[in-house]
2 protein chains.
Amino acid sequence: MSYTYKYPRPALTVDCVVFGYSSSNANLQVLLIQRGIEPYKGAWALPGGFVNMDEDLETAAKRELQEETGVCNVFLEQLFTFSAPQRDPRGRVVSVAYYALIPLDSVQPKAADDADNVAWYNVNKLPPLAFDHSLIMDTALRRLRAKVRYQPIGFELLPPKFPLSALRILYQSILNLDKPLEKRNFRKKILKLGILNPLDEYQQGVAHRAARLYSFDKQKYEQLQKREAVLSFDLF
Amino acid sequence: MSYTYKYPRPALTVDCVVFGYSSSNANLQVLLIQRGIEPYKGAWALPGGFVNMDEDLETAAKRELQEETGVCNVFLEQLFTFSAPQRDPRGRVVSVAYYALIPLDSVQPKAADDADNVAWYNVNKLPPLAFDHSLIMDTALRRLRAKVRYQPIGFELLPPKFPLSALRILYQSILNLDKPLEKRNFRKKILKLGILNPLDEYQQGVAHRAARLYSFDKQKYEQLQKREAVLSFDLF
DNA sequence: TCAAAAGTGTTACAGATACACCCATGT
DNA sequence: ACATGGGTGTATCTGTAACACTTTTGA
């Protein structure tokens, strides 16, 4: 390696907005960590940390996620890079934000990490956050709400087998629709997409007629994507 | 400032994918720079450079854009942050990519910068690019093609006053549709959106009936956005 | 037998698509 | 007069929205 840069360099971190969802209480939650040291000691913040010199950003985000929640193999996507010069009082820190989706019904995140205080907060009842983390949260929530409308990422928050009502309620929780989604039309629409496999399994232990379970068929989705990619033109 | 970080830090750069469009030749172009120094000496690359310690990333991207093209006040949006550890042979360099949209009919970018060789390339006829810039280009093009379908960013590539046919041809150039857009339906659809102002001005110097000119009404668009934001639910 | 959610069809309306001719202008 | 793109309306089809009752199960 015969070249090197000698410019002053900002520090580089990743921060993760970890969304969790459980069908039982039907609300969208975010994992926060209470800071044990200055600055912002005692304030809640997004999990995150420094990027190592030999890992790429997604690897760093996965590592943080593993350290904080014990969770791996979940949906993780780059969100935005935040770079306001004064965003960290300790000096110049640029942070690449990621967001993750965790199905709390099927994955068991460990309750707490190290000595830190870790907690899930309802996205609608967040405490004040350290640094510019409120801005990051807001960006993540807007991204999730937008993306869930045109990509099948909602399934990343559900267990592998789920009844249609769970999917419907999930959408209602993420989007804050003024009217609830209509049962029959939702069913028609989603089944017509052809990306769900009906299973010969049913809900158990419910005090009403047991609903059929479905699974998301990623392969079918990708095949359909390829086919329809160039055919239509929507214009806003 | 009583805290400082002492970790090893990747270098941080911005790279810009500068899209240019001119109605006269109706093709989408990208600004490239031929490298004068190693590594990749002689190869074509995206314009870009280091981020200063006191500027945020968007400011850095604007500065680069100004230096390379003399252009300012154009559409500029963060694209993605690229971080593969070996993407730059000189050492660890993380790059935040931006993309810009320039209406070549109304804005005059200066032909060349410094001693560098600068050129516009048709997006469908790109030369091999230095570093991971082909990946960045590909990401930018996919973003532009996706975004143009659901946000009115096409207007950023047209002069302030334009005939509807220019808009239609622009969409055809950006998306590679298998069939051309149908004139009457395109007109109906776009006018019904209510975000174009018809002007009392017409094309000049054309060897056929002169088309009415329109302008994009950003305020109307934003008002409509607010109103319709939560009302509909599309589901892919 | 009651409570609670599952499952099912039809009608009305809106938006999308397909399609062909006359008009205005410059050469 | 001719070549070139501008501008216009209708019929059909497809997808969306609104709406109520019967079925199954556990308590």
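# Exercises on a predicted protein–DNA model

The backbone oxygen of Gly42(A) lies 3.0 Å from a polar atom in the side chain of Gln34(A), and the first exercise starts from this pair in what is a predicted model.

## Exercise 1. The surroundings of Gln34(A)

Determine in which strand Gln34(A) lies, which residues Gln34(A) touches beyond its sequence neighbours, and whether Gln34(A) is buried, partly exposed or exposed.

**Solution.** Begin with the secondary structure: Gln34(A) belongs to strand β2 of chain A, which covers residues 27-34. Next, collect the contacts, leaving aside residues up to four places away in sequence; those that remain are Gly42(A), Ala43(A), Trp44(A), Asp116(A) and Asn117(A). Gly42(A) is among these contacts, and its backbone oxygen is the atom that stands 3.0 Å from the polar side-chain atom of Gln34(A). A further distance can be read between C-alpha atoms, where Gln34(A) and Leu46(A), 12 residues apart in sequence, are separated by 8.7 Å in space. Finally, consider accessibility: the relative accessible area of Gln34(A) is 24%, and because buried means under 20% and exposed means over 50%, Gln34(A) is classed as partly exposed.

## Exercise 2. The fold of chain A and one of its sheets

Describe chain A as a whole, and then work out which strands stand at the edges of the sheet that contains β8, β9 and β10 of chain A.

**Solution.** For the overall description, count five helices and 10 strands in chain A, whose C-alpha trace spans about 60 × 45 × 35 Å along its principal axes. Of the 236 residues in chain A, 50% are buried, and among the contacts that join residues at least 6 apart in sequence, 64% link residues at least 24 apart.

For the sheet, write down the strand order, which is β8-β10-β9 in chain A, an open arrangement of three strands with antiparallel pairing. The edge positions are held by β8 (162-163) and β9 (196-202) of chain A, each of which has a single partner strand, so one side of each is left without a neighbour in the sheet. The pairing of β8(A) with strand β10 (residues 212-216) of chain A rests on two bridges, and within this pairing Phe162(A) has Tyr214(A) as its bridge partner in β10(A). In general, the strands of a sheet pair through backbone hydrogen bonds.

## Exercise 3. The relation between the two protein chains

What turn and what shift along the axis lay chain A on chain B, and which residue of chain A has the C-alpha nearest the axis?

**Solution.** The superposition of chain A on chain B takes a turn of 180° and a shift of 0.0 Å along the axis, and leaves an RMSD of 0.0 Å. That is the relation of a two-fold axis. In chain A, the C-alpha nearest the axis belongs to Arg9(A), at 3.2 Å from it. The contact surface follows the same pattern, since 100% of the contact residues of chain A recur in chain B and the same surface therefore serves both copies.

## Exercise 4. The two DNA strands

For DNA strand C and then DNA strand D, identify the closest residues, the polar contacts and the classes of residue that line the surface.

**Solution.** Around DNA strand C there are 20 residues, of which Ser165(A), Arg187(A), Lys188(A), Asn185(B) and Val206(B) are the closest. The side chain of Ser165(A) places an N or O atom 2.9 Å from a phosphate oxygen of DNA strand C, whereas the side chain of Lys188(B) has an N or O atom 3.3 Å from a base nitrogen, and a polar backbone atom of Ala207(B) is 3.3 Å from a base oxygen. Among the atoms of DNA strand C within 4 Å of the protein, 41% belong to sugar or phosphate and the rest to bases. The surface near DNA strand C comprises five nonpolar, four polar and 11 charged residues.

Around DNA strand D there are also 20 residues, and Arg209(A), Lys183(B), Arg187(B), Lys188(B) and His208(B) come nearest. A backbone N or O atom of Arg209(A) lies 2.8 Å from a base oxygen of DNA strand D, while base nitrogens are approached by side-chain atoms of Lys188(A), at 3.4 Å, and of Arg184(B), at 3.4 Å. Here 37% of the strand atoms within 4 Å of the protein belong to sugar or phosphate. Helix α4 of chain A and α4 of chain B each supply at least two residues of the surface near DNA strand D.

Methods:
Residues are numbered from 1 along each chain as its sequence is written. Chains are lettered from A and ligands numbered from 1 in the order in which they are written. This is a predicted model: local features need pLDDT of at least 70, side-chain atom pairs count only at pLDDT 80 or more; totals for chains, interfaces and linings use all residues. Side-chain values use heavy atoms; hydrogens and water are left out. Helices (H or I, at least four residues) and strands (E, at least two) are DSSP runs, numbered from the N terminus. Buried means under 20% relative accessible area, exposed over 50%, partly exposed in between (1.4 Å probe, protein chains only). Contact means heavy atoms within 4.5 Å. A polar contact is a pair of N or O atoms within 3.5 Å; within protein, one must be able to donate a hydrogen and the other to accept it, and residues adjacent in sequence count only if both atoms are side-chain atoms. Copies are superposed by least squares on the C-alpha atoms of residues with pLDDT of at least 70 in both. A residue is near a molecule or strand if one of its heavy atoms lies within 4 Å of it. Ala, Val, Leu, Ile, Met, Phe, Trp, Tyr, Cys and Pro count as nonpolar, Asp, Glu, Lys and Arg as charged, and the others, Gly among them, as polar. Two strands pair if DSSP finds at least two bridges between them.
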